[in-house]
Amino acid sequence: MVQMRTMEIMVGAFMAAGFVALFFLAMQVSNLSNLTEGDGYHITARFDNIGGLKVRSPVAMAGVRIGRVTKISFDNTTYEAIVTMLVDNSHNTIPDDTFAKIYTAGLLGEQYIGLDPGGSEEFLTEGGKISLTQSALVLEEIIGQFLFSKAEEGGSNE
Amino acid sequence: MEQLARLGRIGISSLERLGRGHLLLAHMFSGVTALIMRPTLLIAQIHSVGVFSMLIITISGLFVGMVLGLQGYYILSQFGAEETLGVMVAASLVRELGPVVTALLFAGRAGSALTAEIGLMKATEQLSGLEMMAVDPIKRILTPRFMAGLISMPLLAALFSAIGVIGGHFVGVGLLGVDEGAYWSQMQSKIDLHEDIYNGVIKSIVFGFVCTWIALFQGHDCIPTSEGVSRATTRTVVHSALAILCLDFVLTALMFGE
């Protein structure tokens with residue numbers, strides 16, 4: 001009887017350890033803690049080019065993450081990308097003339113949307129639109145422009 | 001002609017084995033309802049399959065994580081990206097090494113023991129004895145072991161991954177001086193609950209299923225002599241390892257290929 005009891009205790013400890021490990025993986029290792037950031041409101045912005053932006057990319061203001069991208073779609077008439085983002089309810093005082101720009105974290109890092117606040121007294125609410133946007137910088141285009149300007153310089157010197 | 005007949009014989013006998021294996025699986029599943037009425041049988045098997053494997057799993061997990069921390073640090077520091085060490089350690093553990101290495105260890109530690117146990121029961125006619133007493137040996141002996149393997153394997157794999165992440169933390173942050181905040185925050189931002197962790201758990205459930213099935217089938221199907229049991233035990237380890245590695249490729253292609 002005692003033997004049975006110790007065996008049960010050990011099996012219980014094993015299963016508890018396994019579930020603790022799963023819980024640890026879910027909470028500490030994965031992004032579950034970032035997912036449950038509560039309700040928010042959706043705002044959309046149109047970009048000419050979103051570069052490498054993906055769904056779940058961060059939305060940051062002054063470098064602080066305030067939301068994330070929830071949907072990226074394409075407008076067939078204007079040929080623009082429509083990016084929908086979810087911003088936390090705790091950040092509900094974003095002026096409606098806010099400027100949205102796609103930045104890259106580090107030289108090769110992931111891309112995110114940076115918001116620069118405007119001066120308006122009106123705030124963005126659910127379904128609000130950001131009209132002032134700047135596209136992602138595409139590295140090839142910059143290099144192309146650089147080479148082009150260099151070539152022009154060389155031409156004018158002769 | 002003789003060669004052709006031999007080829008045919010090999011084909012037929014391997015098909016027969018496959019069929020017997022599936023019949024055994026179906027028979028084992030039919031015993032699940034009876035097992036729920038007697039959970040003590042299951043607990044005793046989880047004890048021998050899971051609890052006894054815990055030590056080897058935790059120690060291997062710790063060292064695999066520590067090696068990943070070391071190797072990852074040396075490679076990543078060449079690109080000046082030591083901060084992503086956490087992502088590398090966690091992703092490789094949760095996606096691949098956790099389920100696969102756990103399953104390989106599980107096949108060696110628990111699978112071979114199961115085969116030898118069942119094979120010896122068959123050789124000493126204990127299984128026939130049970131049948132004489134009108135007890136179904138498959139439902140009474142094999143089903144609890146099968147369910148125990150199925151339950152233990154994902155838990156062991158989770159334990160392996162979690163300990164590995166801590167081992168990587170110990171080497172990366174403790175010894176090599178990676179920033180602690182970066183280790184965890186980069187990990188948390190890159191490792192996805194569904195994409196990485198759920199898929200890792202699914203992998204380990206599949207491996208647990210296959211490993212235990214192979215082990216029990218080999219034990220049940222062995223030639224009831226000491227040589228037959230030893231051969232069956234070898235086959236268990238070889239077949240399990242091959243099945244795990246092949247299935248891992250298929251599962252990875254299905255899960256992570258877009």
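Reader: Why is Lys203(B) called buried?

Author: In this predicted model, Lys203(B) has a relative accessibility of 0%. Buried means under 20%, so Lys203(B) counts as buried.

Reader: What makes the pair of Lys203(B) and Asp248(B) a salt bridge?

Author: The side chains of Lys203(B) and Asp248(B) meet at 3.0 Å, N to O. The cut-off for a salt bridge is 4 Å, so the pair qualifies. Asp248(B) is itself buried, with a relative accessible area of 10%. Lys203(B) lies in helix H8 of chain B and Asp248(B) in helix H9 (residues 226-256) of chain B, so the salt bridge ties together parts that are 45 residues apart in sequence. Elsewhere in chain B, Glu16(B), Arg17(B), Arg20(B) and Asp221(B) are joined into one network by salt bridges that share partners.

Reader: How do you know that the span of helix H8 of chain B is close to the expected one?

Author: Helix H8 (residues 193-221) of chain B has 29 residues and reaches 40 Å from its first C-alpha to its last. At 1.5 Å a residue, 42 Å is expected, and the computed span is close to that. At the start of H8(B), a side-chain oxygen of Asp192(B) comes within 3.0 Å of the backbone nitrogen of Glu195(B).

Reader: Why are Glu153(A) and Lys150(A) called partly exposed?

Author: Partly exposed lies between the limits of 20% and 50%. Glu153(A) has a relative accessible area of 45% and Lys150(A) one of 44%, so both are placed in that class. The two residues form a salt bridge, with their closest N and O atoms 3.8 Å apart. Both lie in helix H3 (residues 139-157) of chain A, three residues apart, about one turn of the helix.

Reader: What makes Asp75(A) buried and Arg46(A) partly exposed?

Author: The relative accessible area of Asp75(A) is 13%, and that of Arg46(A) is 33%. Since buried means under 20% and partly exposed means between that and 50%, the two residues receive these labels. Their side chains meet in a salt bridge of 3.0 Å, N to O. This pair links distant parts of the chain, with Asp75(A) in the loop between strand S3 (64-74) and S4 of chain A, and Arg46(A) in strand S1 (residues 40-47) of chain A.

Reader: How do you know that Ala81(A) is buried?

Author: Ala81(A) has a relative accessible area of 12%, which is under the 20% limit, so the residue is buried. Ala81(A) is in strand S4 (residues 81-88) of chain A. Beyond its neighbours within four places in sequence, Ala81(A) is in contact with Ala45(A), Arg46(A), Phe47(A), Ile50(A) and Ser73(A).

Reader: What makes the approach of Thr98(A) to Pro95(A) a polar contact?

Author: The side chain of Thr98(A) reaches the backbone oxygen of Pro95(A) at 2.6 Å. The distance limit for a polar contact is 3.5 Å, so the pair falls within that limit. Thr98(A) is buried, with a relative accessible area of 0%.

Reader: What is the count of salt bridges between chain B and chain A?

Author: The count between the two chains is zero salt bridges. It is also zero for residue pairs in polar contact, both at pLDDT 80 or more. The area buried between chain B and chain A is about 2,300 Å², of which carbon and sulfur atoms give 80%. Leu155(B), Gln188(B) and Leu193(B) supply 26% of the area that chain B buries against chain A, more than any other three residues.

Note on methods
Residues are numbered from 1 along each chain as its sequence is written. Chains are lettered from A and ligands numbered from 1 in the order in which they are written. This is a predicted model: local features need pLDDT of at least 70, side-chain atom pairs count only at pLDDT 80 or more; totals for chains, interfaces and linings use all residues. Side-chain values use heavy atoms; hydrogens and water are left out. Helices (H or I, at least four residues) and strands (E, at least two) are DSSP runs, numbered from the N terminus. Buried means under 20% relative accessible area, exposed over 50%, partly exposed in between (1.4 Å probe, protein chains only). Contact means heavy atoms within 4.5 Å. The expected span of a helix is 1.5 Å times one less than its number of residues. A polar contact is a pair of N or O atoms within 3.5 Å; within protein, one must be able to donate a hydrogen and the other to accept it, and residues adjacent in sequence count only if both atoms are side-chain atoms. Buried area is the accessible area (1.4 Å probe) that two parts lose on being put together, summed over both.
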